[in-house]
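Got the viewer open and a hand on the mouse? Here is a walk through the model, stop by stop, with something to select at each one.

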Amino acid sequence: MEGREWIDCHVHVLEGGTRQVENLIRKQRQRGYTASNFLSVEGMGDAAQNALAIYYKLRDPHSYAFGSMHYRFAYDFGEEVRKLHHIGLDGIKMIENKPTERKRLGYSQEDARYESLYLALEELDMPLLAHVGDPAEFWDKDRIPSWALAAGWYYGGEGYPGREQLLQETQGMLERHPDLRVCFAHFLFLAQDQDRLCEMMEKYPNMYLDLTAGTEMYFSFSQDIALWKSFFLKYRNRILFGTDNCNPGSEEEAHNMEVINRMERDFLRKEGRIAVWDKEVWGMGLPDSVWGRIAADNFRSFAGEKPRPIHRRAAADYLQERILDPRFGLSHMEREILRKVTDELLLFIRNI
């Protein structure tokens with residue numbers, strides 16, 4: 001990593017527990033990341049994600065974690081934001097407008113319940129990292145990659161939101177909440193439409209983008225690398241580095257993560273062709289001062305110079321309330337994770 005600091009703003013543990021959190025922390029250190037940002041995704045149906053976010057910060061106090069909303073029963077999202085802020089989480093993650101989750105949950109970005117969430121974030125100056133949409137070709141049966149079709153990510157069927165609808169809603173949200181600091185994951189899937197992305201970046205000065213692959217984004221950049229290099233230079237202070245590193249489900253998935261990590265770093269630092277599997281992308285070769293900002297400094301500006309400490313008593317109370325609340329209908333695995341994290345919090349409290 002050539003002596004530079006790197007912060008990974010976008011990591012997950014999906015369908016896993018505390019052991020997978022520990023493995024991810026260890027692997028991130030081996031990859032050379034100074035810190036990571038764990039993104040909870042309770043919107044995908046896992047009510048242990050906020051507990052794992054707390055656990056990530058307990059196990060790696062140099063790292064950050066963003067909490068998220070669950071959908072098991074109705075409650076005030078703004079009040080939940082305040083609870084998670086009090087506990088010591090560093091921001092909020094929304095996966096709700098990935099089309100699969102949007103179809104399942106059924107709430108548009110204009111739904112009234114989200115207004116209290118956005119208002120609380122503005123009030124607390126707490127950042128949001130949001131996934132909105134997916135690659136444009138996922139709405140086109142003639143263009144969607146076979147692997148995406150097999151994963152169930154074709155959105156031309158009934159019940160899915162249109163891509164333009166999602167973008168219009170996003171711009172409406174930004175209009176209503178100009179003080180909200182929000183980073184859109186995966187470059188808002190607009191790497192094929194720089195004009196629109198520039199227009200939004202100019203209009204909404206609190207809007208950030210993360211570089212987390214989808215590799216299709218890097219292939220799009222490579223089609224006109226000079227044009228995109230000018231974009232990166234202009235918005236050098238509002239682009240964050242991320243990977244989507246997680247707990248791999250197979251050796252192939254683990255290998256692909258390493259390929260993507262190398263490609264993303266080389267893309268920023270090196271000029272010329274970069275091999276990616278049996279394909280290639282074109283590197284930008286940004287000046288050290290620019291890629292150094294993207295590698296780490298911009299995330300600290302976005303989420304805080306240092307991670308917020310966990311308020312252990314508040315975190316333990318929050319998790320115990322979930323364990324005791326029958327409305328959650330916790331699975332065995334979710335209950336065990338919540339209990340393990342609560343026990344660790346209480347053990348520390350008893351020993352001080």
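Before the first stop, a word on residue classes: Ala, Val, Leu, Ile, Met, Phe, Trp, Tyr, Cys and Pro count as nonpolar, Asp, Glu, Lys and Arg as charged, and the others, Gly among them, as polar. Keep in mind, too, that this is a predicted model.

**The whole chain**

Start with a cartoon view of everything. You are looking at a protein chain with 14 helices and ten strands. Its radius of gyration is 20 Å, close to the 20 Å that the globule rule gives for 352 residues, so the chain is as compact as a globular protein of that length. Turn it around: along its principal axes, the C-alpha trace spans about 55 × 45 × 40 Å. Of the 352 residues, 57% are buried.

**The largest cavity**

Now for an enclosed space. There are three cavities of 30 Å³ or more, and the largest cavity holds about 80 Å³ of space. To see its walls, select Pro135, Ala136, Glu137, His186, Phe189, Leu190, Ala191, Gln192, Glu216, Met217 and Ser220. Colour them by class and you get six nonpolar, three polar and two charged residues.

Stay with one of those lining residues, His186. Find it in the loop between β6 (182–184) and α8 (194–203). What is the phi of His186, which is not a glycine? Positive, at about 60 degrees. His186 counts as buried because its relative accessible area is 6%, below the 20% cut-off.

Step back one residue to Ala185 and add His131 to the selection. Their C-alpha atoms are separated by 5.2 Å, although the two are 54 residues apart along the chain. His131 is found in strand β5 (residues 128–132) and is buried, at 6% relative accessibility.

**A loop residue for contrast**

Jump to Glu15, in the loop between β1 (7–11) and α1 (18–31). Glu15 also has a positive phi, about 55 degrees, and is not a glycine either. Is Glu15 buried or exposed? Exposed, with a relative accessible area of 78%.

**The largest pocket**

Next, switch on a surface and look for the largest pocket, with a volume of about 1,400 Å³. Which elements give two or more residues to its lining? They are β4 (91–97), α4 (99–105), α9 (215–223) and α11 (251–269). The largest share, five residues, comes from α11.

The full lining runs to 40 residues; to find the middle, select Trp147, Trp153, Ala213, Gly214 and Asp244, which lie nearest the centre of the pocket. By class, the lining has 17 nonpolar, 13 polar and ten charged residues.

Zoom in on Trp153. The charged end of Lys98 sits over its ring, 4.2 Å from the ring centre.

Then pick Gly214 and measure across to Asp224. The C-alpha atoms of these two are 18 Å apart in space, with their positions ten residues apart in sequence. Asp224 lies in the loop between α9 and α10 (225–234) and counts as partly exposed, at 37% relative accessibility.

**Aromatic rings**

For the last stop, show the side chains of Phe, Tyr and Trp. How many aromatic pairs are there? The count comes to 32 aromatic pairs. One of them is Phe38 with Tyr56: their rings are 5.4 Å apart, centre to centre, with 40 degrees between the planes, and the pair is tilted. It links distant parts of the chain, with Phe38 in strand β2 (residues 35–39) and Tyr56 in helix α2 (residues 49–59), 18 residues apart. Phe38 counts as buried because its relative accessibility is 0%, and Tyr56 is buried too, at 0% relative accessibility.

Finish with a group selection: Tyr71, Phe73, Tyr75, Phe77, Tyr107, Tyr114, Tyr118 and Phe328 form one aromatic cluster. Within that selection, centre the view on Phe73 and bring in Arg327. The charged end of Arg327 sits over the ring of Phe73, 3.9 Å from its centre.

Methods
Residues are numbered from 1 along each chain as its sequence is written. This is a predicted model: local features need pLDDT of at least 70, side-chain atom pairs count only at pLDDT 80 or more; totals for chains, interfaces and linings use all residues. Side-chain values use heavy atoms; hydrogens and water are left out. On a 1 Å grid over the protein atoms alone, a cavity is a set of points where a 1.4 Å probe fits but cannot get out, and a pocket is an open set with protein on both sides within 12 Å along at least five of seven lines; lining residues have an atom within 4 Å of a point. Grid points are joined across faces, edges and corners, and a volume is the space filled by probe spheres set on the points. Helices (H or I, at least four residues) and strands (E, at least two) are DSSP runs, numbered from the N terminus. Rings of Phe, Tyr and Trp (its six-membered ring) pair if their centres lie within 6.5 Å; planes under 30 degrees apart count as stacked, over 60 as edge-to-face and the rest as tilted. Buried means under 20% relative accessible area, exposed over 50%, partly exposed in between (1.4 Å probe, protein chains only). A charge sits over a ring if NZ of Lys or CZ of Arg is within 6 Å of the ring centre and within 35 degrees of the ring normal. The radius of gyration is taken over C-alpha atoms; the globule rule is 2.2 Å times the number of residues to the power 0.38.
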